[in-house]
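Hi,

Here is the structure I said I would pass on. Have a look at it first, and my notes follow underneath.

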Amino acid sequence: MPDELNGLSPAFHNSAVARLHHELGRIKDEPRMLILVSSGFLELLVNVVIDAKCKNAKKINENSRDYPFSTKLVLLNEMGLMSDSSFWNIK
């Protein structure tokens, strides 16, 4: 693990965020891979939030044609789970 993660709890070292940090550090000199890995992580994160907060989460997450990533972001923004500034920075 990178030096900046030393001293943190063992639970953090096993977390998805720590693994993402490690992976991003490993591919830091490959811009296309950075975009792919970051985008994939964000899409998974959005799906997890939808699973936790939406009554129809299964329908939303299984139907990427009717609910693409952009629509999921609008849903999170409309539900107040994503700030307006964060939403507009993504677009």
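One thing to keep in mind while you scroll around: this is a predicted model.

Let me start with the charged side chains. There is one salt bridge by the usual distance rule, and its partners are Glu-23 and Arg-26, with 2.6 Å from N to O. That counts because the cut-off is 4 Å between a Lys or Arg side-chain nitrogen and an Asp or Glu carboxyl oxygen. Both residues belong to helix 2, which covers residues 16-26, and they sit three residues apart, about one turn of the helix. As for exposure, Glu-23 has a relative accessible area of 22%, so it falls in the partly exposed class. Arg-26 comes out as exposed, at 54%.

Next, the rings. The count of aromatic pairs is also one. Phe-87 and Trp-88 make up this pair: their ring centres are 5.2 Å apart and the planes meet at 80°, so it is edge-to-face. The angle settles that label, because planes over 60 degrees apart are classed this way. What I liked here is how the two neighbours split on accessibility: Phe-87 is buried at 7%, whereas Trp-88 is exposed at 58%.

Then there are two residues I would click on in the helices. Asn-47 is part of helix 3, residues 31-53. Is Asn-47 buried or exposed? Its relative accessible area is 17%, so Asn-47 goes down as buried, given that the limit is under 20%. Leaving aside residues up to four places away in sequence, Asn-47 touches Asn-61 and Lys-72.

The other one is Ile-60, in helix 4 (residues 57-62). Ile-60 is buried too, with 7% relative accessibility. Which residues does Ile-60 touch, not counting those up to four places away in sequence? The list is Ile-50, Cys-54, Tyr-67, Lys-72 and Leu-75. Lys-72 therefore turns up in the contacts of Asn-47 as well as in those of Ile-60, with contact meaning heavy atoms within 4.5 Å. For the Ile-50 contact there is a backbone figure as well: the C-alpha atoms of Ile-60 and Ile-50 are 8.0 Å apart, with their positions ten residues apart along the chain counted as the separation.

If you only have a minute, go to the Glu-23 and Arg-26 salt bridge, then the edge-to-face rings of Phe-87 and Trp-88, and finish at Ile-60 and its contacts.

Cheers

Key. Residues are numbered from 1 along each chain as its sequence is written. This is a predicted model: local features need pLDDT of at least 70, side-chain atom pairs count only at pLDDT 80 or more; totals for chains, interfaces and linings use all residues. Side-chain values use heavy atoms; hydrogens and water are left out. Helices (H or I, at least four residues) and strands (E, at least two) are DSSP runs, numbered from the N terminus. Buried means under 20% relative accessible area, exposed over 50%, partly exposed in between (1.4 Å probe, protein chains only). Rings of Phe, Tyr and Trp (its six-membered ring) pair if their centres lie within 6.5 Å; planes under 30 degrees apart count as stacked, over 60 as edge-to-face and the rest as tilted.
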